[in-house]
Structures are given as structure tokens and as C-alpha cells.
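Biologist: I have a model open and want to learn how to read it. Could we go feature by feature?
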Amino acid sequence: MNRDGCIGRFYGRWIVMILVFIGMSVNLNAQNYKKVGDLKKKWKFSIGDKQEWADPNFDDSNWEWIDVPSAWENKGFYGYDGFAWYRTTFSINQLPDTHALYLQVGYIDDVHEVFVNGTRIGMTGKFPPQYSTAYNVFKTYKVPSDLIEEINTIAVRVYDDGGEGGIINGDIGLMIDLDAIPLDVDLSGSWKFKTGKYAHKSIAQMDSWDDIMVPGFWEDQGYKNYDGYACYALEFELDDAFLNERMVLALGKIDDIDQVYLNGVLIGQSGEFKPKTVSIRSNSYQQIRGYYLPQDLLKANEKNVLLVKVLDTMHGGGIYTGSIGLITQDHYIRYWNNRRGKSRN
Amino acid sequence: MKLNINISTGLKLAILAIAFSLQTGMASAENLRGLVNLKGYWKFSIGDDLSWSIPSHNDAKWERVFVPQTWESNGFHDYNGFAWYRKHFNISVPNQIDFVYLNMGYIDDVDEVYVNGKLVGASGKFPPLVETAFNIPRMYPVPTDILNREGDNVIAVRVFDDYHEGGIVRGDIEIVYDLDQLKMSVDLSGYWDFECFKNVDVINQSVITYKPGKIFVPGFWEARGYNNMDGKAIYSKEFRYPSDVSDNNQVLLLGVIDDEDEVYLNGEKLDVVRELRKWSSRYRYGGNHMLLRAYEIPENLIDRRGINRIEVIVEDHSGPGGIYKGTIGIVDHDVAMPIIKKGYKDTKSPFEKFIDYWFD
């Protein structure tokens with residue numbers, strides 16, 4: 001009896017190891033990042049919490065300097081728990097490409113929100129009163145290209161519940177996704193979001209839906225442990241230059257399956273939109289979504305409405321990574337041919 | 001101990017050798033003549049544009065990929081969606097042939113095939129509501145009058161892959177015709193009346209060999225516009241019997257049928273030829289989706305002056321279905337026998353052949 005227990009524990013540990021390993025390899029597969037800007041340096045820092053600290057025009061010259069990454073306990077704020085903000089800037093001059101720019105903030109203890117030029121680009125964990133830690137989550141956020149200016153301000157709002165706090169570990173910096181699709185219209189950024197199987201029925205009231213960053217797991221954005229149906233919606237306008245072209249809608253990778261409507265018309269789905277598809281297509285969440293749009297469906301100089309129904313049956317859910325936007329078919333062909341060429345060299 | 005091992009390995013080797021020698025005869029029940037081998041490098045582009053079906057479209061800047069092979073193995077990892085394949089070829093066709101068969105192997109998931117700009121076949125359903133046909137061997141009849149016997153011909157294949165691997169992935173890629181078909185006294189290949197519980201898919205109504213209420217035989221019905229259809233269907237055909245051919249000792253060949261069939265000629269149910277019954281007590285009528293069907297035509301059943309009617313009720317349990325390949329027609333028993341024999345042998349697994357060899 002006792003011996004069995006030992007063996008069980010022994011194998012249990014191995015199983016956990018193996019699962020961790022599988023998890024890691026999935027993460028490694030998921031992205032092909034290259035670091036293009038180092039942010040491991042001194043940032044501006046202040047304890048406290050004010051919304052205006054996200055504003056790029058806020059004057060932080062009186063703030064402290066702090067090393068990033070490091071626990072603030074080790075940098076003179078021993079014993080401090082609660083809110084604090086970090087700020088720094090970067091210039092696009094040294095960056096090769098701002099289309100596929102990601103901000104890697106590594107591990108932040110416990111909860112955080114990231115702003116670029118005053119706009120929130122992501123959050124992980126949950127601030128009080130419904131506090132929930134995410135200290136063990138390594139984060140990289142897409143920086144929507146329409147936010148990017150000459151000089152850009154990053155502001156990170158952190159809440160530490162106890163123990164060490166702050167941007168504590170990781171290779172902090174600006175990254176580009178080497179597999180990024182060179183979009184003609186970037187649609188990443190803030191979308192509307194609503195959970196529930198019939199959420200799409202209230203699309204007319206999408207203004208009252210929640211905001212969500214795309215791409216990004218919904219678990220990291222206030223829907224921790226949510227599995228099931230949800231709806232993403234986005235209104236966008238388009239230059240009429242694209243109307244004569246066949247366009248492809250890139251939706252990155254979606255966990256697990258999706259069904260996509262443009263201006264009320266079903267344009268595609270990743271298999272039948274029902275739970276059994278998730279088990280039939282066990283790696284649907286790793287497939288790159290590229291939906292060819294029927295011509296004459298996109299409108300110029302008026303609103304287009306994109307609706308993405310998602311079903312997630314376990315763990316992370318949502319439009320979680322990759323390039324999100326529109327690309328002409330010609331550019332899409334060139335992208336895949338280049339990618340083929342690269343993979344052969 | 002040592003001896004034992006030697007004997008058992010020796011025996012195993014012998015069985016393997018026999019199994020292997022029997023397997024080499026497996027190639028095909030049909031007596032096919034290859035006209036064009038289309039295996040090899042094709043022009044390829046991801047994307048979708050119906051004008052790429054036009055023969056004069058310039059594909060000089062397209063990529064080059066090997067066919068058959070998944071496009072993932074051809075360097076397009078992680079790509080799902082539309083893509084087109086194009087290939088130029090020359091062909092010489094015997095004059096008496098009206099149709100040749102274009103084999104495109106297995107295509108994952110959906111396809112439309114154009115020869116010289118004309119749609120000759122389509123399987124599965126394109127977005128937004130995709131239906132895969134990845135497990136259906138694509139064989140499409142091509143009327144010889146659309147082929148250019150003197151010069152250049154172009155095949156263009158529109159493919160959509162919904163999930164995972166995609167493209168023209170495996171199988172024989174070629175244009176062929178069946179030499180045994182030319183031996184038939186009454187050639188029954190081609191259009192049959194077709195009744196089933198499903199409507200033909202919309203795209204298939206634009207296929208040049210489509211005729212309302214009819215189906216081109218042989219061919220899986222999934223490759224004729226009835227994707228995902230399992231169950232019963234009725235094939236029927238009326239024909240006149242040539243006055244210069246004896247009606248004694250005739251055999252009706254019905255190709256290979258997936259899965260089961262019942263055959264009626266002028267209202268009378270036909271029985272399998274006696275040799276097939278004799279060769280194997282294991283063979284039961286209609287029970288073999290690989291077996292060439294051969295039926296005895298009783299004396300005086302054929303109407304030599306009027307119209308004769310054949311009705312074939314086919315039931316398919318799962319996967320592809322229908323009268324899908326092989327020789328179809330009426331022919332003298334003596335001519336039929338070698339065709340039947342070959343068809344019978346080639347459907348057996350090495351193990352069954354081994355058993356037949358020792359016990360029949």
C-alpha cells in the first residue's frame with residue numbers, strides 16, 4: 001500500500017514534468033520572435049495608483065529610477081505591497097518593422113496592465129476587489145501598429161498582493177514576430193467582446209459589450225477559467241483602394257474553433273461550429289486562420305462589421321496570437337512564397 | 001533451442017516471401033492504358049482566382065511543387081485555404097474513344113478540376129460551409145473532344161484545404177482508358193439514370209459531363225456531386241442489343257461496386273457467374289467492395305428487337321460508394337473469363353491468396 005503510494009508519487013512527478021515540457025514546447029512552437037529593442041534598463045517608477053500616469057504627456061521627471069527586471073523589494077521598496085507604476089519610452093527609429101511589434105514584459109508579480117501611448121494593450125490577472133494573481137504568467141503583448149508614433153511611452157500598472165512585487169523577471173524588450181503577415185490593414189487592438197452562446201444576437205448593441213485586446217487570451221483579460229462560447233466584434237472603415245482586390249482576413253490563431261461573419265455574411269469557419277469539432281480537430285488552436293473574403297462584401301467609407309464566434313472547451317480561449325487584419329491576395333501569396341523560401345534555406 | 005529459432009525464422013521468411021510474391025499481382029483489376037502520366041512537378045499558387053482556370057493564364061511566376069504530395073511537404077507549412085495547381089501536357093488519343101479518365105488521386109479537402117478551361121469534375125464543398133472529400137479518389141471522365149490532339153493542353157486544379165495537410169496528396173495522377181472496355185459487345189459505360197435521396201451539389205451541375213437525373217459510370221458518386229452520401233441508390237440503363245451478336249452464354253460486367261448490389265435485367269434478378277461462386281465459397285454475392293461484378297445472363301432474357309433495361313440497386317454503408325471502376329458492359333463468356341479471373345485474383349489480400357493457394 002505504502003509502496004504503491006510512493007510509486008504513484010514518483011510517476012506523478014514525472015507526469016507533471018512531462019506536461020510542463022509539452023507546455024513549453026507548444027509555447028516555443030507558437031511564436032518566432034526576434035528581439036529588436038532592449039528594455040532591460042532603468043525605468044521610471046512610482047508607488048501609488050493614478051489613471052493619468054498612463055498618459056504619455058504626464059511628467060514623470062520627479063519619479064524614482066528602478067532596474068527592470070527586478071523585484072522592487074530589492075531596489076529600496078522593501079516590504080511594500082500594493083499599487084505601483086513603471087514608465088519608459090522607446091523610439092521607432094531603430095525598429096525594422098512596426099507592423100509586427102510585440103512588447104515582452106516577462107513575469108510581473110502579481111497583476112498588471114500595460115499601456116502604450118495612453119491606450120491599454122493588455123492586462124493579466126485581476127486587480128482588487130476580485131483579486132487574482134498571474135505572477136507565474138510570462139507575457140508578450142502585440143503593440144497595435146496604429147498606436148505607434150515617433151516616440152512611444154510605455155506605462156505598466158502593477159498590483160502586488162504580498163511577497164516580491166514588480167516586473168521581476170524575463171527578457172524585457174521589443175520583439176518582432178518573424179512569421180508575421182505583412183498586413184495591409186492592421187485590425188489588432190481593442191475589440192468588443194461578450195460571452196455566451198447567443199451573444200451575437202445583441203450585436204446591434206455592441207457598444208455596450210466589454211473591451212478586449214486582440215490578440216490575447218480572454219483568461220488574461222478578466223475571464224479567468226471561462227470556457228464556452230463567446231463573441232468578438234469589430235467595426236472598421238476601409239480605404240476604397242482595397243475594394244478592387246480580393247482580400248484575405250487573417251485572424252491569427254484561435255483557441256479552439258471559430259465562425260466568422262463579415263457584414264452579416266458567413267465567410268468561413270474552422271470546421272463545424274459545434275463542440276464535437278474541438279475533439280475531432282485536436283490541434284485546431286494551432287492552425288493559422290486566413291479567410292478569403294468574397295469580393296463585393298467589403299464596403300468603403302462606411303462601417304464594416306466583423307463578428308467572430310469562438311468556442312473554447314478548456315484552458316486558454318479566444319483569438320490569442322498572430323497577425324490580425326486584412327491583406328490583399330497578391331501580398332498574401334508573396335508572404336507564403338517567401339515563407340516557403342525561408343523554410344528551405 | 002537454437003534449432004527452434006532457426007526453424008521458426010525460416011518459416012516466417014518463407015511465408016513473407018510467398019506473401020510478397022503474391023502481393024506484386026495487386027496492382028489493379030483493370031486493364032488500363034496510361035495516356036499521360038501527370039506525376040511530377042506542377043505550377044502552384046496559393047490564393048484563389050477563377051481566371052486561373054483559363055488555359056492562356058500566365059503561370060510563369062508561380063511556384064513549382066511535386067504532385068502528389070501534401071503542400072506542407074512542399075514547403076507550405078501551416079497553410080490552410082485556397083490554392084491552385086496547373087500543368088501543361090500533350091496527349092494522343094485513339095479515335096474510337098469518347099471519354100478518357102483523369103485520375104487526380106486523393107485531394108485534401110475540396111477540388112474543382114478544369115481541363116482546357118472546362119470544368120470536368122468537382123468533389124466536396126468550398127467555403128463557407130466546407131465539406132471534405134479527402135477520402136474520395138478523384139476520377140473524372142474527360143470527353144476527348146475537349147482535348148487538343150495536336151498541341152498543348154492545360155489542367156488547372158482549384159483546391160481548398162480546411163484543416164491540417166492539404167493539396168493533391170497521393171495516388172496515381174494520370175490520364176487513362178480501359179482497354180477491356182473496347183472488348184465489350186455492348187458498352188454500358190457512360191451515362192446511367194440515377195435515383196437517390198439527395199440532390200446533386202450545385203457546383204456539379206456546371207461540370208461538362210453532368211446531365212440532369214443521370215450519372216457518369218464508372219465513378220464514386222461522391223466524385224459526381226453526391227458528397228457524403230451513404231445508403232441506397234438505383235442505377236438504370238436502357239439499351240438495344242446488336243443483331244450480329246449471339247445472346248447465348250453472355251456475361252454482364254458491372255465494374256467494381258462499393259458496397260453491395262442487386263442486379264435486374266428486364267425485371268429478372270441476375271445471379272453471379274458460376275465460376276466466381278465456385279472459386280470461393282467465401283465469396284458471397286455483393287459482399288466485396290473490391291470485386292469485379294460479373295453476372296450470368298440467362299438464355300432468352302435479352303430482347304433482341306426491343307429495348308432492354310438494366311437496374312442496379314447499390315447500397316453503400318460508409319465512405320465512398322457506387323459503381324466506381326472497372327469494365328462495364330455485356331460480352332461473351334469466353335472473352336469475359338480472363339477479365340473476371342484477373343479481377344477476382346487482384347482483390348484478394350496476400351493472406352487470402354495464401355489460403356486459396358493451399359486449400360482450394
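Modeller: Let us begin with one strand pair in chain A. This is a predicted model. Strand β6 (residues 111–116) of chain A and strand β9 (residues 151–160) of chain A are paired antiparallel, over 6 bridges. One residue pair fixes the register: A:H112 sits opposite A:V158 in β9(A).

Biologist: In what order do the 6 strands of the open sheet in chain A run?

Modeller: Read a sheet from one edge to the other. Here the order is β3-β2-β4-β9-β6-β7 in chain A, and the pairing is antiparallel. The edges are β3 (64–67) and β7 of chain A, each paired on one side only. From one strand to the next, the twist averages 30°.

Biologist: How many helices and strands does chain A have?

Modeller: Chain A comes to 3 helices and 21 strands. Its radius of gyration is 21 Å, close to the 20 Å of the globule rule for 345 residues, so chain A is as compact as a globular protein of that length. The C-alpha trace of chain A spans about 65 × 60 × 50 Å along its principal axes. Of the 345 residues of chain A, 39% count as buried.

Biologist: What does sequence separation say about the contacts in chain A?

Modeller: Take the contacts in chain A between residues at least 6 apart in sequence. Of these, 80% join residues at least 24 apart. One spatial pair to look up is A:G79 and A:G165: they are 86 residues apart in sequence, yet 9.4 Å apart in space, C-alpha to C-alpha. A:G79 lies in the loop between β3 and β4 (82–91) of chain A.

Biologist: Is A:G79 buried or exposed?

Modeller: Count the neighbours. The cut-off for exposed is 12 or fewer other C-beta atoms within 10 Å. A:G79 has 5, so it is exposed.

Biologist: Which domains does the assignment give for chain A?

Modeller: Domain 1 of chain A covers 33–177 and domain 2 covers 185–344. Their C-alpha centres lie 27 Å apart. The contact between them takes 13 residues from domain 1 of chain A and 11 residues from domain 2 of chain A. On the domain 1 side, the largest share is 4 residues, from strand β7 (residues 119–124) of chain A. That side divides into 5 nonpolar, 5 polar and 3 charged residues.

Biologist: Now the chain interface. How is the size of an interface often given?

Modeller: It is often given as the accessible area lost when the parts come together. Here we use residue contacts instead: 19 residues of chain A are in contact with 18 residues of chain B. On the chain A side, β18 (265–269), β19 (288–292) and α3 (329–344) each supply at least two residues. The largest share, 8 residues, comes from α3(A). By class, the chain A side has 7 nonpolar, 8 polar and 4 charged residues.

Biologist: What does chain B contain?

Modeller: Chain B has 4 helices and 21 strands. Buried residues make up 40% of its 360 residues. Of the contacts in chain B with a separation of 6 or more, 81% are between residues 24 or more positions apart.

Biologist: Which strand of chain B is largely enclosed by the rest of the structure?

Modeller: Look at strand β9 (residues 153–161) of chain B. Of its 9 residues, 8 are buried, so the strand is largely enclosed by the rest of the structure. Strand β4 (residues 81–89) of chain B pairs with β9(B) in the antiparallel sense over 9 bridges. Strand β6 (residues 110–115) of chain B also pairs with β9(B) in the antiparallel sense, over 6 bridges. Find B:V157 in β9(B): B:Y85 stands opposite it, and B:V157 is the bridge partner of B:V113.

Biologist: What backbone features should I check in the loops?

Modeller: Check omega, then phi. The peptide bond from A:D109 to A:D110 is cis, with omega near 5°. A:D110 is in the loop between β5 (101–109) and β6 of chain A. The bond from B:P127 to B:P128 is cis too, with omega near 10°. B:P128 is in the loop between β7 (118–123) and β8 (137–143) of chain B.

Biologist: And what is the phi of B:H164 and of B:N266?

Modeller: B:H164 is not a glycine, but its phi is positive, about 65°. B:H164 is in the loop between β9 and β10 (167–178) of chain B. With 16 other C-beta atoms within 10 Å, B:H164 is partly exposed. B:N266, also not a glycine, has a positive phi of about 45°. B:N266 is in the loop between β16 (260–265) and β17 (268–269) of chain B. With 14 C-beta neighbours inside 10 Å, B:N266 counts as partly exposed.

Note on methods:
Residues are numbered from 1 along each chain as its sequence is written. Chains are lettered from A and ligands numbered from 1 in the order in which they are written. This is a predicted model: local features need pLDDT of at least 70, side-chain atom pairs count only at pLDDT 80 or more; totals for chains, interfaces and linings use all residues. Two residues are in contact if their C-beta atoms, placed from the backbone, lie within 7 Å. Ala, Val, Leu, Ile, Met, Phe, Trp, Tyr, Cys and Pro count as nonpolar, Asp, Glu, Lys and Arg as charged, and the others, Gly among them, as polar. Domain bounds come from an automatic or database domain assignment. Two strands pair if DSSP finds at least two bridges between them. Axes are lines fitted to C-alpha atoms, for helices over the stretch in contact, and angles run from 0 to 180 degrees between N-to-C directions. The radius of gyration is taken over C-alpha atoms; the globule rule is 2.2 Å times the number of residues to the power 0.38. A residue is buried if 20 or more other C-beta atoms lie within 10 Å of its own, exposed if 12 or fewer, and partly exposed in between; C-beta atoms are placed from the backbone.
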